[in-house]
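Please open the model in a viewer and keep the selection panel at hand. The tour below proceeds stop by stop, each beginning with a selection.

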Amino acid sequence: MLVDDAIQKTYLFASGKATMPAVGSTKYVKILSLLNMFKDVWAREPGTQWESIRSLQSLTPVITATDTYALPSTVLTGTAKLSTQEGDYVRVIWTSGTQESDFTLVKDSRLYRDGPSVNNPGSIGINTSGNCARRGSSLVFDVPFIATSPELGGTIKIPVYTTPADMVASSVDPTATVPVDDPYWVIYMAAAEFVRNDVTKQNQYGNLVNLAINCMEGMKEYNLAQQESVYIPGQLGSAMG
């Protein structure tokens with residue numbers, strides 16, 4: 001959904017008026033700010049990792065003869081969140097570029113207890129370790145790589161969930177879209193916040209929030225179905241918590 005469409009719908013639900021506020025007007029800017037605020041709230045929904053904002057991010061250091069690698073600043077500052085999904089994995093791309101090894105993410109407390117059978121996706125390379133975990137500001141593998149490890153010199157890719165960038169006005173980018181699985185969730189929440197302190201319309205607050213709750217439940221059901229298609233059923237849970 002285009003950002004301007006979301007702003008128009010937000011204003012419609014909040015005011016009952018079908019005409020969108022003029023681009024750059026006080027109401028337009030306020031609604032855009034509310035949409036961005038709730039976009040961030042959605043991305044950081046407790047206990048939920050949205051598959052739509054998951055990606056593999058490369059670490060700067062390549063594989064060397066050690067077991068510990070520094071996590072990127074995006075993870076440390078909270079811009080991106082390292083996956084805590086049981087069964088998720090860290091991937092090492094070999095220097096050949098045609099082979100890879102996958103290492104299952106587990107809790108730090110389980111790093112040296114579990115074997116590689118927890119839920120290894122089945123690397124085509126030689127998985128000499130099996131597991132890895134976050135420990136403070138580092139990613140630690142359960143067995144150090146050595147000079148003869150086939151992964152030596154390879155690139156580490158970690159699974160992260162990144163909060164989408166803020167939406168911008170159509171005057172800046174007329175093709176900008178709402179980066180939320182169900183745009184109506186942020187629309188309903190923004191509309192509810194828009195009317196919350198308006199004595200003539202605040203009676204709509206509860207109705208709008210209830211509509212948003214229904215959207216959130218639907219998004220979570222769909223997201224769980226996506227995860228279950230990727231991870232082995234019965235292995236879901238917190239890898240880091």
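The stops that follow move from the whole chain to its cores, strands and ring contacts.

**Conventions**

This is a predicted model, in which local features require pLDDT of at least 70 and side-chain atom pairs count only at pLDDT 80 or more, while totals for chains, interfaces and linings use all residues. Residues are numbered from 1 along each chain as its sequence is written, and side-chain values use heavy atoms, with hydrogens and water left out.

**Stop 1: the whole chain**

Display the cartoon: the protein has five helices and eight strands (DSSP runs of H or I, at least four residues, and of E, at least two, numbered from the N terminus). Along the sequence the pattern reads α-α-β-β-α-β-β-β-β-β-β-α-α. Of the 241 residues, 43% count as buried (under 20% relative accessible area, with exposed over 50% and partly exposed in between; 1.4 Å probe, protein chains only). Among contacts between residues at least 6 apart in sequence, 72% join residues at least 24 apart (contact means heavy atoms within 4.5 Å).

**Stop 2: the helical core**

Select L35, W42 and W185, which touch the most other members of the largest nonpolar core, a set of 37 residues (buried Ala, Val, Leu, Ile, Met, Phe, Trp, Tyr and Cys joined through side-chain atoms within 4.5 Å). Helices α1 (3-15), α2 (26-43), α4 (183-195) and α5 (205-230) each supply at least two residues of this core, and α4 gives the most, with ten. Now centre on W185: leaving aside residues up to four places away in sequence, W185 touches F38, V41, W42, A212, C215, M216 and M219. Apart from this core lies another, of 18 residues, among them Y69, F141, I156 and I158.

**Stop 3: strand β7**

Select residues 138-141, which form strand β7. Which residues cover its two faces? S138 and V140 lie on one side and L139 and F141 on the other, and all are buried. This may be read against a general rule: in a regular strand the side chains alternate between the two faces of the sheet.

Add β2 (residues 68-70), which runs antiparallel to β7 and is joined to it by three bridges (strands pair if DSSP finds at least two bridges between them). Here Y69 stands opposite L139. Next add β6 (residues 131-135), also antiparallel to β7, with four bridges; R135 has S138 as its bridge partner. The β6-β7 hairpin has two residues between the strands, and G136 takes a positive phi near 65 degrees.

**Stop 4: aromatic pairs**

Show the rings: a search of the whole structure finds ten aromatic pairs (Phe, Tyr and Trp, the last by its six-membered ring, with centres within 6.5 Å; planes under 30 degrees apart are stacked, over 60 edge-to-face, the rest tilted). W42 and W50 have ring centres 5.1 Å apart and planes at 20 degrees, so this pair is stacked. The rings of F103 and F141 have centres 5.1 Å apart and planes at 85 degrees, so the pair is edge-to-face. F103 belongs to β5 (residues 100-105) and F141 to β7, so the pair ties together parts 38 residues apart in sequence. Extend the selection to Y69 and F145, which ring pairs link with F103 and F141 into a cluster.

**Stop 5: charges over rings**

Finally, select K30 with F194: the charged end of K30 sits over the ring, 4.8 Å from its centre (NZ of Lys or CZ of Arg within 6 Å of the ring centre and within 35 degrees of the ring normal). Then select R54, which lies over the face of Y89 at 5.6 Å from the ring centre.
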